[in-house]
Amino acid sequence: MRGRLHGVLLLCVVLAALASPPAQAQAPPRTLRIAVGIDADTLDPAGQTTTTVANMVDYIYETLVAYDYRENRVVPHLATRWQVSRDGLTYTFTLRSGVRFHDGTPLTAEAVKFTLERLLDPRTRVPTRFLIDAIEEVQTPTPQTVRLVLSKPSPTLLTNLTYTTTAIISPTAAQRIGAANLTRDATGAGTGPYMFKEWVRGTHILVTRNPNYWGPRPVFEEVMFRIVPDAGAREAMLLAGDVHMAMLPPAPDVRRLREHPNVTMVVAPTDRIIFVAMNTQWGPFKDARVRQAMNYAVNKKAILSSVLFDLGTVADSPCPGMMFGHHPVQPGGWPFNPIKAKQLLREAGVGNGFEVTFLTPTGRYIQDFQFAQAIAAQLRNVGIRANVATMDWPSYVAEITQPPERTRLQMLVLGWAWVVLDCDGVLFGQFHSSQHPNRGLAPAFYRNARVDALLEEARTIVDQERRKALYREAQTIIWNEAPWIFLWTQKWYVATVKNLRGVSITPIEKWDAIHATWQ
């Protein structure tokens, strides 16, 4: 009853706010408040696994280079220029002068060397170390020059250096805080436009404007990320003026919010592919026919339409369409065919079905808990009893990053929005056997020697047509062996108050609001 009363009150708040008159222009608030659905698991750039968390970390830390999605190219950031040797094995960066970390120490080549060597050190937890694993040595010929010597050519290294994981850390701050404590304390450690102030677990993360920032000065003195797992609550807070920006309000309300006079909806397609990973080392899922049956048993188009309100596109490959190397293995995705599913289950010797634990986050992806329930309902029609369970995001990340000998995973919802628009990230990161937790983030524990060989070759050659051919074959094998229930690529959206201007969504599913303005 209490839950029902809470729901009625929440609806009243939303409806009342929807009927309210347009907001009047006003001065910028001192603190920009952003409601996000999940708490951070770590503030250490090295440990990033979650785009939303990396998005918050980006306010504090910066990378050598950045990516301009409008121009579709890498652009200077902490490095102002770079050169690549003819053989592709040496990258030389010139650092921006006059940049200081939040602790007052200068950005130097030694700081870059410290950061990259820390990332390469196996004692440091870096779930996506393969971003830079081509680097063999970091040299510092001058205080403002960094030279990276590679063990093999890497067609994606420069773009990989645009991502949060490779952000440069102050060696002085790291020593003072302690390397292990960088997960929860970023005091003085970055060069970004905002400085870490406090993190109250489950409540908020607060950053304050960097008075000595080398770049354009942000409008807002502080930015507070409010942790609000419930999508309806985030919407209600936005409409009540408690926050100025809300990530992923309820999908059913998107159309109505578009028409609200006080709200701006920012929506864009992304490279986030949503899937159900099946532990290929567990029980019935060891048999590819069972995994194929799971794909036939789920009506992705119907769920996308009825549960996600068409905020996505059915996947036709393991690699999203906007990425280099994408090959549409099966246009329209795996067809819905429960008769075929039952046939495959009988052939695999599990015609009477089986029981499986089905883990899903709540509030991490669009309608994640809701679509997991819809999938479980459809699986029951072919005799598979999927018991849906959920937990908070930090606990979820801890659960899905357990190594095979300790994992309890059987089946889980996950999304993968790679940091570079190149199939290398999603295919190598999810299907190469070296990326099983806890060395990587591939919880299907998939193994195929041919796929391994294809992906290894594709990330060490610069011939783009050859790379496309390698990725085409790899995608076809993976699709047919079905370690995932291939679902959809999702759009991403945030709602802001009308006064907030200049917010955008990047193709890698980050919001860009550091230099948003107020009118």
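A cavity, on a 1 Å grid over the protein atoms alone, is a set of points where a 1.4 Å probe fits but cannot get out, and its lining residues have an atom within 4 Å of a point. Grid points are joined across faces, edges and corners, and a volume is the space filled by probe spheres set on them. The model here is predicted, so local features need pLDDT of at least 70 and side-chain atom pairs pLDDT 80 or more, while totals for chains, interfaces and linings use all residues. Residues are numbered from 1 along each chain as its sequence is written, and side-chain values use heavy atoms, leaving out hydrogens and water.

Two cavities of 30 Å³ or more turn up in the structure. The largest has about 240 Å³ of space and a lining of 20 residues, with Thr-49, Thr-50, Gly-415, Trp-416 and Leu-441 nearest its centre. Helix α12 (393–400) and strand β16 (411–416) each chip in at least two lining residues; helices (H or I, at least four residues) and strands (E, at least two) are DSSP runs, numbered from the N terminus.

The second largest cavity comes to about 50 Å³, and residues including Phe-130, Lys-152 and Arg-459 line it.

Then there is helix α13 (residues 423–431): nine of its nine residues are buried, so the rest of the structure largely encloses it. Buried means under 20% relative accessible area (1.4 Å probe, protein chains only). These residues pack against β12 (263–278), β16, α14 (449–458), α15 (464–481) and β17 (484–497), where contact means heavy atoms within 4.5 Å.

How values were computed. 1 Å grid on protein atoms, 1.4 Å probe; cavity = no way out; pocket = protein on both sides within 12 Å on 5 of 7 lines; lining within 4 Å. Buried < 20%, exposed > 50% of the residue type's maximum accessible area, 1.4 Å probe, protein only.
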